[in-house]
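Notebook, charged side chains. I wanted to look up the salt bridges and how buried their partners are.

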Amino acid sequence: MSAGPSQRYDLAEALGTDYLSVLDGIGDNDRAHWDRARAYGAQILPLVNEYWDRGEYPTDLVRRAGELDLLTDGLDVPGHQRMSPLAAGLVTMEMSRADGSLAAAAAVQGGLVLRSLVLFGSASQKATYLEPVAGGDLLGGFALTEPNHGSDSVSLETTARREGSDWVLNGHKKWIGNGAAGGITIVWARDEADGQVKGFIVEQSTPGYSAEVIRGKGALRAIHQAEITLDNVRVPADARLPHVGSFKDVSRALVETRVNVGWSALGHATSMFEAALSYAKQRTQFGKPLAGHQMVQERLAQMLAELTNMQLQCVAVTRLQATGSLRDPQASLLKYHNTRAARRIGATARDLLGGNGILLENHVIRHMTDVEALHTYEGTESVQALILGRDLTGISAFA
């Protein structure tokens, strides 16, 4: 019998798809991190559709991720067990398999803010901020992108001016996750004196700092991103990140986040593929399960091939990370390939579910639209292609 309009398909159960045993044989420590992330995903999955639908940001669930020690992204943070690159990737994958918004929140909190503090902060700054950020008690934003500067973020216009013992910041930022969450924001600004980009820790309660949550998003609806105005924001000298001298330093943090995006795309794609596979086995049309139709089997095989290639690239890149030999273009290749592949898997999975594919309860459309944001941030497809092209040819197509 065909499923009636009131039948609900429980398509969110993890099937553990690993066709070539790419993830077999991982160590106990890595497995423990992965298991914690999977348990976290199981906790949030019954809740995320409603938050996503309402456009609400459940910051308590971000703090829960901190309680489970899921926010450190492979960084060495005192008091926290350090994840290997593989474990960090698996955590990102698993969180993304549950929900893209909260995975994005974790990426901002750990991958960008915590990484900036670890790489560029002073001893005093680390003592003040590392633990509350890693634990999820203090939410942080990473303010690089501007209304007029996305892909060309190196051209940022936000300024920093030294006045006595203080710095004065002016400018605008856009798409800043956690930028209106009441914590801190790492603001990247160009020093008027030497023209170089520098970083500053700004308490969001500082006079002149104002942030408005961006409404009307069709993706990542369960995390709030903000448009920020900096109007003569005055911060003390010790708010400056001392180990940043130019935009080249900022790029060190961004390379690692591109790896994070590759794993995140894998998590989204895994969820969509497994939902489509479960649905195809359950749904009956034309007298037999969808899975019994040749066209459906062909689509499942196509998605599996894409998914397996994504897994292989993720593991290969984390091996390079572990040896310290990862080059920037290799991280770009991972993002370029995996977000494109996730888009293709999403489109096929959504189509295979028919009209049911646009219902949040079936766990495809939320991931599909969230992948659109993932495909764009941390460097668009075009930017990644140009990075790869420059590496391949020795000729830069950037201005």
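I take buried to mean under 20% relative accessible area, exposed over 50%, and partly exposed in between. The model is predicted.

Entry 1. I began with Lys-198, which has a relative accessible area of 5% and is therefore buried, being under 20%. Its salt-bridge partner is Asp-191, with 3.0 Å from N to O. I looked up Asp-191 as well: its relative accessibility is 7%, so Asp-191 also counts as buried.

Entry 2. Next I asked which residues are joined into one network by salt bridges that share partners. I found Arg-161, Glu-163, Asp-166 and Arg-234.

Entry 3. Within that network I checked Arg-234 and Asp-166, which form a salt bridge with their closest N and O atoms 3.5 Å apart. This pair links distant parts of the chain, 68 residues apart. Arg-234 lies in strand S7 (residues 225–236), and Asp-166 lies in strand S3 (residues 166–177). Is each partner buried or partly exposed? Arg-234 is at 40% relative accessible area and is partly exposed, whereas Asp-166 is at 18% and counts as buried.

Entry 4. I then turned to Asp-73 and Arg-115, whose side chains meet in a salt bridge at 2.9 Å, N to O. Here too the pair links distant parts of the chain, with the two positions 42 residues apart. Asp-73 is in the loop between helix H2 (59–67) and helix H3 (85–98), and Arg-115 is in helix H4 (residues 100–120). I noted both Asp-73 and Arg-115 as buried.

Entry 5. Last, I noted the total: the search of the whole structure finds 18 salt bridges.

Note on methods:
Residues are numbered from 1 along each chain as its sequence is written. This is a predicted model: local features need pLDDT of at least 70, side-chain atom pairs count only at pLDDT 80 or more; totals for chains, interfaces and linings use all residues. Side-chain values use heavy atoms; hydrogens and water are left out. A salt bridge is a side-chain nitrogen of Lys or Arg within 4 Å of a carboxyl oxygen of Asp or Glu. Helices (H or I, at least four residues) and strands (E, at least two) are DSSP runs, numbered from the N terminus. Buried means under 20% relative accessible area, exposed over 50%, partly exposed in between (1.4 Å probe, protein chains only).
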